[in-house]
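Reader: I would like to go through this fold claim by claim. Give me the reasoning behind each label.

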Amino acid sequence: MSTDVSTLLHRLGGVYRDPSRVSRDSSKLLRSPVGTNLVPSISPLIQNTGEETPPVLVFSGTVSMSYKGGTYNIPVDVYLPPPCSRDSS
């Protein structure tokens, strides 16, 4: 992993209500089979209205999917908006 999630969260300042949970959950994702090809970064999120949010944590890369006997690498950009850490579960 080229950039540490903790470093990115530090650069984002107070964007997330519970940065330790975001860091923990993000690290679990990147260590999982689904997250092996994802790279964390920060970027503004462009909403459907065209408005740009302050920078947030983003995971970019590919996710492998099996379909009819073949494996396909689907490109994804997963943005974590600030409300993502509100749930206490």
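Author: Start with the contacts. This is a predicted model. Among contacts in the chain with a separation of 6 or more, 44% join residues 24 or more positions apart.

Reader: What makes two residues a contact here?

Author: Heavy atoms within 4.5 Å make a contact.

Reader: Which elements does the chain have, and in what pattern?

Author: There are two helices and three strands. Along the sequence they read α-α-β-β-β.

Reader: Why are E1, E2 and E3 called a sheet, and what makes E1 and E3 edge strands?

Author: Two strands pair if at least two bridges are found between them. Eleven bridges join E2 to E3, so these two pair. One example is Val58, whose bridge partner in E3 is Tyr79. The three strands form an open sheet in the order E1-E2-E3, with antiparallel pairing. E1 and E3 each pair on one side only, and that makes them the edge strands. From one strand to the next, the twist averages 25°.

Reader: How do you know that the length of H2 agrees with its number of residues?

Author: The expected span is 1.5 Å times one less than the number of residues. H2 has 13 residues, so it should span 18 Å. Its end C-alpha atoms are 18 Å apart, which agrees.

Reader: Where does H2 lie, and what covers its buried residues?

Author: H2 lies across E1, E2 and E3 and runs at about 30° to E2. Its buried residues are Arg21, Val22, Ser23, Ser26 and Leu30. Their cover includes H1, E1, E2 and E3.

Reader: What makes those residues of H2 buried?

Author: The cut-off is under 20% relative accessible area. Arg21, Val22, Ser23, Ser26 and Leu30 count as buried, so each falls under 20%. In the whole chain, buried residues make up 25% of the 89 residues.

Reader: Why is the largest group of twelve called a nonpolar core?

Author: Such a core needs buried residues of the nonpolar kinds, joined through side-chain atoms within 4.5 Å. The twelve are Val5, Leu8, Leu9, Leu12, Tyr16, Val22, Leu30, Leu38, Val56, Leu57, Phe59 and Leu80. Val, Leu, Tyr and Phe are on the list of permitted kinds, so the name fits. H1, H2 and E2 each give two or more residues to this core. H1 supplies the largest share, four residues.

Reader: What makes up the exposed surface of the chain?

Author: The chain exposes about 6000 Å², and carbon and sulfur atoms supply 53% of it.

Methods: Residues numbered from 1 in each chain as written. Predicted model: local features only at pLDDT ≥ 70, side-chain atom pairs only at ≥ 80, totals over all residues. Heavy atoms only, no water. Buried < 20%, exposed > 50% of the residue type's maximum accessible area, 1.4 Å probe, protein only. Areas by Shrake-Rupley, 256 points an atom, 1.4 Å probe, with all protein chains shown as cover. Axes fitted to C-alpha atoms, helices over the stretch in contact; angles between N-to-C directions.
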